[in-house]
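Hi everyone, thanks for making the time this morning. Let me put the structure up on the screen, and then I'll walk you through it.

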Amino acid sequence: MAELADTTDDPGRSRRMSGAAVVAAVMAVASPVLGLATILVWLGLPAEWAPTKTVSPQSAVVFTFPAVGAFLIYHRPRLNMAWLMCAGGLAAGISDVSSALMFRAAAGGELALAGWLRVPTQLGWAVCGLALTMVLPLYSPDGRLPSPRWRPALWLGCLSITAATVHNLFRMTPPREGYPYPEVIPSPLGMPALAPYMESVNVVGWAGIYTAMALSALSLLTRMRRADPATRRQIGWPLFAFAGYIVFLVLAAIWPVFMWPAIVWAAAIPFAVAFSVMRYRLYGIDTVVSRALVAAGLVIVVSAVYFGAGALSGLVVSGYDQVAGITAALFAGAFFQPLRRALQRVVDLLLYGAVGDPGVLAGRLTQAVRRGDPAEALTSVVSVLRDGLAVEGVAVEVADGEPRYVESGRVGPAAREVPLVWHGTRVGRLLVGPPGPRRFPAAHNERVLATLTPYAADVAHAVRMAADLQRSRERILTAREEERRRLRRDLHDGLGQTLSAMAMTINMARLSLKSSPEAADELLRELHTGMGAVTSDIRELVYGLRPPALDDLGLAGAIRDLAGRSSSGVEAEVEIGGDLSDLPAAVEVAVYRIVQEALTNIRRHAGASRATIAVHREEGVLRMLIGDDGRGLPESHRAGVGLGSMRERAAELGGICVVTGEPGAGTRVEVALPLTSTPPVIIR
């Protein structure tokens, strides 16, 4: 919007931008026209004058570079890279059409004109090669050199192209012997004084050209190593394009069959540059670069290992070719997987830096988890995951935890859901939002998720554990305060009132002792009765704190006593296994209360004639089963106060209580209580 406002407020600038767009459009149209004219001229040549190769990477440049350059100039008129693309494409078109016209003129007998047409052919080639294969990579993707230290690479390219052009323009006219065409095309600028040095100039020039091209691609690699993750993605496109083109061009110089891949790759270079400049955030080029580098490294190293092992085996066990082949294959297979992992780590470090390395992220996460409580650790998990995945938001939702939901950034409605599983138990879920500006490819995301999701599950489980612990503390505190309130009420309203009444009776008896002994005697009788009530109240208070039967009879005897005092219509059978004499007091009370509640339910609701109580002590656990032959649980069963009380008593000790039963088949209460010093927290 700011650029648009500047354009409308400055008419001069608007005219300059319009003029630049017109010039770019003319170049974008002229270059393909020259390319089509070149094709038509080649098709019209006599067979004896037609070269064996009329298509080269320069031919593809004519059609793609100017069009993409004009598109970039329309959006960013001052982008020097776009002007380089237009100028290089136009120069390629001039070079191609001049070369075709040179052969056309020679075929028509105009050898002098054909010789002079060699000049625009070579100059166009020089401008195209310098602009597109050397200067453009050096200035990609921001239109500036990486640093002043790269100027020698630019000078080397200029000097090398100049040397090759000098050789092509000022060489002497070749001899007739061995010339592939009917007539020799003369060299009008041939310089006899330079003839002895021309071959050396040509060799030096081409060596410098290939070196300058390699340095140009290396400059992109240097930019990538020093850049932030977003810029690395931007550089990835031109680096991949130029590196591939150089590889195929070198291979084509050795094996001509690679010329067509080089042509196709040259045609794709401007699109890679355009993606880098305009829309680099929308494409996963780093996935392509990563896989290409890893694949190339694997092919090179595994091939070297294979052929090296094969050659060594052939020398050691000469005459046994099959053994040598098997040995080489085994060596290559053994190196494959470790090498792939090592190359993937190196490429990840190159593309994403330390931030994108799953190992580094795991280390950051481990340090963050150690420094804070589970809630703070969960916040750190979310932040590290968001940074490592480069998404707009990450959230963790913990089942029955506190906090239940922690979010960093904005997840959005279409978030990806990843379950968090801890030792087979689902403890929550991870929500991953859409890709952010530093979008990483899916392959990288999966590696980060596979590495960090177990950490997130551990922290989510710790959050649940902390929440369960807090809830247990709250329940214990609530139960303690409720018990204190009950005791206060019983002491104040029951025992306290009774003792106050007894004190008043004693005073009245004293006052009436001399005047009315009969009245005093009656008051003392009432006092005696009241003391019996006080004794009963105190007994009830003590019984509420701990059943006296446990101290009088022990747990086994107390259970048998409960079974004997059950309803007369229910025959209760008790089975005791193991020594129950040294159980913790809390376990004794829980077992007694659960048995008491179960027998009460049987008496009131089951309609049973027979009940079984089995208590067995095993190593580290106390198991209890209470069953009856009554009507069972209805289909629409809802747990009442009694069943809830049994489950809570078991859960307080880290145990479990399961109540099952079908209509007409009786009810079963199964309880398991751990007998450890610190009972574990069981998450239900």
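I'll begin with the ground rules, then the whole chain, and then a few local spots.

What you see is a predicted model, where local features need pLDDT of at least 70, side-chain atom pairs count only at pLDDT 80 or more, and totals for chains, interfaces and linings use all residues. Residues are numbered from 1 along each chain as its sequence is written, and side-chain values use heavy atoms, with hydrogens and water left out.

First, the overall picture. The chain has 18 helices and nine strands; these are DSSP runs numbered from the N terminus, with helices being H or I of at least four residues and strands being E of at least two. Of its 684 residues, 41% count as buried. For that label, buried means under 20% relative accessible area, exposed means over 50%, and partly exposed is in between, with a 1.4 Å probe and protein chains only. The accessible surface comes to about 36,500 Å², and 62% of that belongs to carbon and sulfur atoms. Those areas come from the Shrake-Rupley method with a 1.4 Å probe, and for residues only the protein chains shown count as cover. As for contacts, meaning heavy atoms within 4.5 Å, take those between residues at least 6 apart in sequence: 70% of them join residues at least 24 apart.

Now to the helices. How do helix 5 and helix 7 pack? Helix 5, residues 111-139, and helix 7, residues 198-226, pack at an angle of about 25 degrees, with their axes 7 Å apart. The axes are lines fitted to C-alpha atoms, for helices over the stretch in contact, and angles run from 0 to 180 degrees between N-to-C directions. Helix 5 and helix 7 are therefore roughly parallel to each other. In that scheme, angles under 35 degrees count as roughly parallel, over 145 as roughly antiparallel, 65 to 115 as roughly perpendicular, and the rest as oblique. If you want to click on the interface, the helix 5 side includes W125, M134 and Y139, and the helix 7 side includes W206, I209, M213 and R223.

I209 turns up again in another contact. S160 sits in helix 6, residues 151-170, and leaving aside neighbours within four places in sequence, S160 is in contact with G205, G208 and I209. S160 is buried, because its relative accessible area is 5%.

Let's move out to the surface. L36, I39, L40, L43 and F63 make a nonpolar patch of about 520 Å². Patches are made of residues with over 30% relative accessible area and no salt bridge, joining like charges within 9 Å and nonpolar side chains (Val, Leu, Ile, Met, Phe, Trp, Tyr) within 5 Å. Helix 2, residues 11-43, gives the most to this patch, with four residues. One of the patch residues, L43, has a relative accessible area of 68%, so L43 is exposed.

Next, the charges. A salt bridge here is a side-chain nitrogen of Lys or Arg within 4 Å of a carboxyl oxygen of Asp or Glu, and by this rule the count comes to eight. One of them joins R610 and E571, at 3.6 Å from N to O. That pair links distant parts of the chain, with R610 in strand 6 (residues 610-618), E571 in strand 5 (residues 571-577), and their positions 39 residues apart. R610 is partly exposed at 36%, while E571 is exposed at 52%.

R617 also forms a salt bridge, with D582, and the closest N and O atoms are 2.4 Å apart. Here R617 belongs to strand 6 and D582 to the loop between strand 5 and helix 17 (585-606), 35 residues apart. R623 and E618 meet in a salt bridge too, at 3.1 Å. Elsewhere, E397, E417, R426 and R429 are linked in a network of salt bridges.

Two last residues, both in the strands I just mentioned. Is G577, in strand 5, buried or exposed? G577 counts as buried, because its relative accessibility is 13%. Not counting residues up to four places away, G577 touches V615, H616 and R617. T612, in strand 6, is partly exposed at 31%, and with the close sequence neighbours (up to four places away) left out, T612 touches E573, L625, I626 and G627.

That's my tour, so over to you for questions.
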